[in-house]
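Hi,

Here is the structure I said I would pass on. Have a look at it first, and my notes follow underneath.

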Amino acid sequence: MTFKVAAFYKFFALPDFESRRAPLAETLEASGVKGTVLLATEGVNGTIAGTAKAIDTALAAMRALPGCETLQAKFAEADEMPFLRLKVRLKREIVSMGVPGTDPNAIVGTYVAPEAWNALISDPDTVLIDTRNDYEVAIGTFEGAVDPNTKTFREFPDWFREFRAKLESEGRKPKVAMFCTGGIRCEKATSFVKAEGIDHVFHLEGGILKYLETVPEQDSKWQGECFVFDERVSVRHDLTPGSYDMCHACKRPITEADKQHAAFESGVSCPHCISEMTDDQRARFAERQKQIDLAKARGEKHMGPEARRSEDA
């Protein structure tokens with residue numbers, strides 16, 4: 001059976017988001033979709049999977065939220081259900097930057113369609129910034145992009161202020177173009193950067209995924225694979241599942257070579273996180289992996305592996 005995967009977000013004013021959670025969760029649960037939906041005063045963000053009919057029902061329920069009528073989604077297919085359960089969560093932000101007053105509903109950069117993106121980033125007067133986290137950038141990015149080396153999106157504001165100071169010390173005031181996986185982080189990043197007083201700010205409409213869907217590979221300036229926030233881990237330029245697996249301890253993408261490393265233990269550690277884990281964490285992860293293996297042997301699914309990083313991190 002093939003499942004439809006829908007990724008979506010929309011910034012809009014949702015002051016009564018707390019009271020919206022229960023009825024929305026009930027509708028989505030009844031539709032049969034699984035995945036995660038985040039609600040906050042600034043809007044909605046999520047990735048869900050299910051049958052085509054279930055996805056249509058779920059999206060209709062979210063478009064029924066006042067102000068969310070024009071919600072758009074990006075679609076993919078998966079041979080297996082990529083999520084174990086449905087979660088509808090209340091958050092302070094649908095993408096966590098941690099800068100009070102940053103509001104894409106009030107101020108945002110200029111959207112650039114995928115078809116026009118290559119021309120913008122080829123302009124020598126443009127600085128291209130990847131707003132994603134380090135583990136995402138490591139497996140793929142646009143040609144010539146600046147990597148902030150951030151571990152979470154909350155580090156981006158401080159990084160940008162330092163980067164801007166460096167540019168100004170060099171007498172440079174370039175156009176700033178930013179991108180992310182599906183558009184949500186760079187939309188909020190452009191709002192922040194505009195509020196910081198930068199005039200010429202642009203971002204890739206629909207994010208990397210829309211670019212890969214729209215621009216032929218022979219014309220593409222994308223290099224590598226794109227990290228995604230479900231069990232596919234990464235996708236290639238044609239949006240088929242990529243070559244990466246995932247470390248279920250740290251949730252980073254890993255290669256076959258990583259899995260041959262002495263530091264790799266399935267569900268417990270990998271070369272990227274072995275030095276970050278305490279003995280207690282490794283023991284806990286080892287017990288979790290044991291339960292996963294036992295459940296698999298019984299032909300069941302264990303709930304543990306779904307503890308994924310989310311795109312608001």
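Helix 1 (residues 17–31) lies across strand 2 (34–40) and strand 5, and runs at about 175° to strand 5. Before I go on, keep in mind that this is a predicted model.

**The sheet**

The strands just mentioned belong to an open sheet of five, ordered 4-1-3-2-5 with mixed pairing. Strand 4 (73–78) and strand 5 (86–90) are at the edges with a single partner strand each, so one side of each has no neighbour in the sheet. On average, neighbouring strands here are turned by 10° against each other, direction ignored.

If you want a place to start looking, try strand 1 (residues 3–11), which pairs with strand 4 in the antiparallel sense over six bridges. F3 has A78 in strand 4 as its bridge partner. Helix 6 (residues 184–195) also lies across part of this sheet: it covers strand 1 and strand 3 (43–50), running at about 10° to strand 1.

**The cores**

In soluble globular proteins, nonpolar side chains tend to be buried together. The largest nonpolar core in this model has 25 residues, and the members that touch the most others are F8, L28, V37, L39, V44, I48 and M62. At least two residues each come from strand 1, helix 1, strand 2, strand 3, helix 2 (52–63) and strand 5. Which element gives the largest share of this core? That would be helix 2, with six residues.

M62 is worth clicking on. Setting aside neighbours within four places in sequence, M62 is in contact with F8, L24, V37, V44, I48, C68 and L71. There is also a second, separate core of 24 residues, and A40, F163, C180 and V201 are among them.

**Helices 5 and 6**

Two packed helices are described by the angle between their axes and the distance between the axes. For helix 5 and helix 6, the angle is about 45° and the axes are 11 Å apart. The two helices are therefore oblique to each other, and their crossing is right-handed. On the helix 5 side the contact is made by F156, P157, F160 and R161, and on the helix 6 side by A189, F192 and V193.

**Helix 3**

P114, W117, N118, L120 and I121 are the buried residues of helix 3 (residues 114–122). Quite a list of elements is involved in covering them, including strand 6 (110–112), strand 7 (126–130), strand 8, strand 9 (175–179), strand 10 (201–204) and helix 7 (207–214).

**Two backbone oddities**

Most residues other than glycine have a negative phi. Two residues in this model go the other way, so to speak: N149 has a positive phi of about 55° without being a glycine, and V233, also not a glycine, has a positive phi near 70°.

Where do they sit, and are they buried or exposed? N149 is in the loop between strand 8 (140–142) and helix 5 (156–169), and N149 is exposed, with a relative accessible area of 52%. V233 is in the loop between strand 12 (226–227) and strand 13 (234–235). Unlike N149, which is exposed, V233 is buried, at a relative accessible area of 2%.

Cheers

Methods:
Residues are numbered from 1 along each chain as its sequence is written. This is a predicted model: local features need pLDDT of at least 70, side-chain atom pairs count only at pLDDT 80 or more; totals for chains, interfaces and linings use all residues. Side-chain values use heavy atoms; hydrogens and water are left out. Two strands pair if DSSP finds at least two bridges between them. Helices (H or I, at least four residues) and strands (E, at least two) are DSSP runs, numbered from the N terminus. Axes are lines fitted to C-alpha atoms, for helices over the stretch in contact, and angles run from 0 to 180 degrees between N-to-C directions. Contact means heavy atoms within 4.5 Å. Buried means under 20% relative accessible area, exposed over 50%, partly exposed in between (1.4 Å probe, protein chains only). A nonpolar core is a set of buried Ala, Val, Leu, Ile, Met, Phe, Trp, Tyr and Cys residues joined through side-chain atoms within 4.5 Å. Angles under 35 degrees count as roughly parallel, over 145 as roughly antiparallel, 65 to 115 as roughly perpendicular and the rest as oblique. A crossing is left-handed if the near helix is turned anticlockwise from the far one by less than a right angle, and right-handed if clockwise.
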